[in-house]
Amino acid sequence: MNLPKIPLGKGVEWIEDWLTAYFGPVFKFIHTVIGGMVSGIETALNFLPAIVLTLLIAALAYWIGKWRMALFAVVGLLLIDNLGLWGPSMQSLALVLTASLLAVIIGVPLGVLCAQSRTFQNIATPVLDFMQTMPAFVYLLPAVSFFSLGVVPGVIASIIFAIPPTIRLTNLGIRQVSPELVEAADAFGSTAGQKLFKLQLPIALPTIMAGINQTIMLSLSMVVISSMIGAQGVGVYVYRAVSQAKTGAGFEAGIAIVIIAILLDRLTQKLFKAKQQG
């Protein structure tokens with residue numbers, strides 16, 4: 001005897017319709033804010049000529065790293081410009097920076113809350129497991145339903161996909177702070193805020209930064225997927241090359257993404273190390 005199918009899909013669609021009907025203005029506000037952020041960052045990146053921005057990034061790489069990193073920045077960014085992918089790369093970078101910034105703004109407080117409350121951690125853990133195991137393509141469906149096509153649903157999908165490492169590692173970093181140090185802070189009469197901002201967060205910062213670094217990399221990995229729902233950038237060239245079986249064009253676009261990924265990864269790591277040494 002076959003059991004009747006559980007109407008799980010219809011239930012999800014009902015929730016989607018209900019949210020759209022009653023929270024439409026909220027989604028429009030979020031769309032406006034995120035769209036403005038992406039446009040602002042993209043405008044700032046394109047304000048200077050490619051060669052000037054390349055030299056500024058190389059100077060930053062030399063200041064916080066070594067000359068090898070600065071040389072890689074110059075060669076890599078000039079290669080992107082030579083391939084005619086500078087504009088799309090800046091579009092992708094604007095998407096990644098927006099998604100990463102919002103993921104950090106949301107994720108760090110949630111990670112702190114997980115560390116402060118065992119109950120909240122028990123609730124958040126299975127949700128984070130679900131978010132990390134769900135195929136990334138699935139996030140595109142509700143993002144498109146609530147925010148239409150374009151860069152905004154790409155940013156939303158990137159945030160959902162990339163935020164778990166920041167939450168998890170913020171929680172882990174704070175929980176790994178020595179109990180003796182926490183007890184000493186309590187003994188000296190520290191408030192909860194003083195204990196958090198002057199003791200726990202500074203000690204947990206290396207672990208938190210590792211989570212932020214992973215979030216940035218995961219956001220970048222969504223660039224190609226987001227192109228399927230209208231997000232502009234290098235991902236469009238990769239997607240077009242795959243659909244048209246153009247290996248050379250796909251390789252060029254892929255190289256641009258790799259260069260951006262390496263720069264973001266190394267610069268964030270070196271910047272944190274420079275702050276620690278300072």
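This tour proceeds from the whole chain to a surface patch and then to a pocket.

The model is predicted: local features require pLDDT of at least 70, side-chain atom pairs count only at pLDDT 80 or more, and totals for chains, interfaces and linings use all residues. Residues are numbered from 1 along each chain as its sequence is written, and side-chain values use heavy atoms, without hydrogens and water.

**The whole chain.** Colour the chain by pLDDT, the predictor's confidence in each residue, from 0 to 100. The average is 85, and 96% of the residues score at least 70. Next select helix α9 (residues 164-175), which has the highest mean pLDDT among the elements, 92, and then helix α7 (residues 140-147), which has the lowest, 78. Helices are DSSP runs of H or I, at least four residues, numbered from the N terminus.

**The surface patch.** Select Phe47, Leu48, Ile51, Val52, Leu55, Leu56 and Leu78, a nonpolar patch with about 640 Å² of accessible area together. Such a patch joins nonpolar side chains within 5 Å, from residues with over 30% relative accessible area and no salt bridge (a side-chain nitrogen of Lys or Arg within 4 Å of a carboxyl oxygen of Asp or Glu). Areas come from the Shrake-Rupley method with a 1.4 Å probe. Helix α3 (residues 50-64) gives the most to the patch, 4 residues. Within helix α3, select Leu56: its relative accessible area is 47%, and partly exposed means from 20% to 50%.

**The second largest pocket.** Finally, select Val12, Phe130, Val138, Pro142 and Phe146, which lie nearest the centre of this pocket among its 15 lining residues. The pocket holds about 470 Å³ of space, a volume filled by probe spheres set on grid points joined across faces, edges and corners. On a 1 Å grid over the protein atoms alone, a pocket is an open set of points where a 1.4 Å probe fits, with protein on both sides within 12 Å along at least five of seven lines; lining residues have an atom within 4 Å of a point. Show α1 (8-22), α6 (118-133) and α7, which each supply at least two lining residues; α1 gives the most, with 5.

Notes: Patch = residues over 30% accessible without salt bridge, like charges linked within 9 Å, V, L, I, M, F, W, Y side chains within 5 Å. Buried < 20%, exposed > 50% of the residue type's maximum accessible area, 1.4 Å probe, protein only.
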